[in-house]
Amino acid sequence: MSPEEFRQHGHRVIDWIAEYLTNPSAHPVLARTRPGEVAAALPSSPPTDGEEFDAILQDLDDILLPGITHWNHPAFFAYFGISGSMPGILAEAIAAALNVNAMLWRTSPAATELEEVAVDWLRQLLGLPNDFRGHIQDTASTSTLVALASAREATGLDIRERGLAGRDVPPLRVYCSEEAHSSVEKAAITLGIGRESVRKIRTDDEFRMIPRALEEAIEIDRSAGDRPFCIVATLGTTSTTSVDPLPQLAAVARRFGLWLHVDAAYGGAAAVVPEIRDVTRGWEQADSIVVNPHKWLFVPIDCSTLFLRDPEITRRAFTLVPDYLQTPQGESVTNLMDYGHALGRRFRALKLWTTLRYFGESGLAARLREHIDLARAFAADVRRDPDWRVEAPVPFSTVCFRFTPPGLGDADTDALNERILEAVNATGEVFLSHTRLNGRYTLRLAVGNIRTEAGHVRDAWRLLRDAARNEQPRQ
Ligand code: PLP
């Protein structure tokens, strides 16, 4: 592609993106594609000769776009909403153009140093003490994996060198609540600790880990000769966004000498809003904390930040420098490849820095505050209707709720809510997801996209009530 052709196609691509972002509501939020439909519309073999760029863009419109679920749609309320904000998208384009691999300081000093600066800006925005140092990973799942590997390194059992199998080491145990994200178990699987070693601690009636139950579980494991090594607390659980009692859990971690990792992948962002920052109280005592700017801070996916109290432990867990990666700077500089298992690293710092800089503290806080207000207004609507129930507290911007008309048993109410969700999502106007709370099928509305306004949330409530009215006669 010549520079002139690049310019022409580039302008078209930017126009395409601008058009798309101006009106994402032109598309059904949830893709209506049947499994296999997209693949069937594509040639099964690559072209022998290169094709025109225009033909590629045409297939984007005709084949791919109908198979996209629009996470940038303002009525995307499923899972946790994310946003490709415009400044973040432009930064991604520049990162793609530079195409640097920030594995070593010298393979792009600016990428490494910008990452250190941008992550430290985020630390300050979150009100974390300055003894935390952070870096960027792709996802919270990777951040938690790296945190658990660091905790394992801190045991002094030298598992990095000697492994776990065929030697005299006790079973390692990690503790999280029954509401913790599956990434904790996946980390245990990957690290060879095993799923059974993840002890799921009971939660209270607001879905928060019970510190006394945690202590009991640790004591039982210790008396069986096992080796407890890590507690994972969650600040903003995936189902209800509940917050584990961090100060108490930190005290337990201290008492037993365990690593404390805080999974604040979604909820941590709320610390940017001064009036609700108190919800994070206690996280400053953690050994590691994950916050995902790609979840609720408007940075395009993927961008997860892992804050470490002692990055040297993580470096010890991972550093391995073959001859071909040695540099004249040696250990006098930060080589980001030392802080995880991946060698190659994208220039993710550019989109984090651009987004933080473009919105500023006040801009980020204003948008998060708005999302929290929208969720609270939705919860208030639900509470006002006697046939609906809010099923969990709403500390952030996510509401768990259910249609509970009188006279129906649990199983019928579950089935009814499932049908309501299907009907609402089939409209293409909104997309909500579900969870199970105390065994009951529960609907979830999570506000997180930068383009969401009050009208979108009101529409969701109208569609839900319409669907409930239409579904009821079947009872
Ligand atoms: N932790 C929590 C609390 C989450 O809700 C999620 C995903 O929603 C994750 C971790 C995993 O995030 P990621 O997709 O970045 O791995």
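**Figure 1. D54 and R12 pair up between two helices.** D54 counts as partly exposed in this predicted model, since its relative accessibility is 37%, and a residue needs over 50% to be called exposed. Its partner in a salt bridge is R12, and the closest N and O atoms of the two are 2.5 Å apart. D54 sits in helix α3 and R12 in helix α1, so this pair ties together parts that are 42 residues apart in sequence. R12 is partly exposed too, with a relative accessible area of 41%. Why might two such side chains get together? Side chains of opposite charge can pair when their charged atoms come close.

**Figure 2. A negative patch on the surface.** Which residues form the negative surface patch? They are E5, E51, E52, D59, D61 and D62. Helix α3, which covers residues 53-64, gives the patch its largest share, three residues. E5 belongs to helix α1, residues 3-22, and is partly exposed, with a relative accessible area of 37%.

**Figure 3. Two more salt bridges, and a whole network.** Zoom in on E37 and R34, and you'll find their side chains meeting in a salt bridge, 3.9 Å from N to O. R34 is exposed, at a relative accessible area of 58%, whereas E37 is partly exposed at 36%. Another salt bridge brings together the side chains of D204 and R208, this time at 2.9 Å from N to O. Here D204 is partly exposed with 25% relative accessibility, and R208 is partly exposed with 30%. Elsewhere, salt bridges that share partners link R389, E391, R402, D410, D414, R436 and R440 into one network. How many salt bridges does a search of the whole structure find? The count is 42.

**Figure 4. Strand β7, tucked away between two neighbours.** Are the residues of β7 mostly covered or uncovered? Mostly covered: the strand spans residues 304-308, and five of its five residues are buried. In a regular strand the side chains alternate between the two faces of the sheet. In β7, S304, L306 and L308 point one way, T305 and F307 point the other way, and all are buried. Strand β1 (residues 133-137) runs antiparallel to β7 and is joined to it by five bridges. In that pairing, R133 has L308 of β7 as its bridge partner. Strand β6 (residues 288-291) is also antiparallel to β7, with four bridges joining them. Look for V290, which stands opposite L306 in β7.

**Figure 5. The hairpin of β10 and β11.** Strand β10, made of residues 433-437, has two faces that don't look alike: S433, T435 and L437 make up the covered face, while H434 and R436 make up the uncovered one. R436 also belongs to the salt-bridge network mentioned above. β10 pairs with strand β11 (residues 440-446) in the antiparallel sense, over five bridges. One partnership to pick out is T435, whose bridge partner in β11 is T442. There are two residues between the strands of this hairpin, and N438 takes a positive phi near 50 degrees.

**Figure 6. E215, a buried charge in helix α9.** Helix α9 runs over residues 211-223 and contains E215. Is E215 buried or exposed? It is buried, because its relative accessible area is 15% and the cut-off for buried is under 20%. E215 and R255 are 40 residues apart along the chain, and their C-alpha atoms are separated by 9.6 Å.

Definitions and conventions:
Residues are numbered from 1 along each chain as its sequence is written. This is a predicted model: local features need pLDDT of at least 70, side-chain atom pairs count only at pLDDT 80 or more; totals for chains, interfaces and linings use all residues. Side-chain values use heavy atoms; hydrogens and water are left out. Patches are made of residues with over 30% relative accessible area and no salt bridge: like charges are joined within 9 Å, nonpolar side chains (Val, Leu, Ile, Met, Phe, Trp, Tyr) within 5 Å. Accessible areas come from the Shrake-Rupley method with a 1.4 Å probe; for residues, only the protein chains shown count as cover. A salt bridge is a side-chain nitrogen of Lys or Arg within 4 Å of a carboxyl oxygen of Asp or Glu. Lys and Arg count as positive and Asp and Glu as negative; His and the chain ends are not counted. The place of a charge is taken as NZ of Lys, CZ of Arg, CG of Asp or CD of Glu. Buried means under 20% relative accessible area, exposed over 50%, partly exposed in between (1.4 Å probe, protein chains only). Two strands pair if DSSP finds at least two bridges between them.
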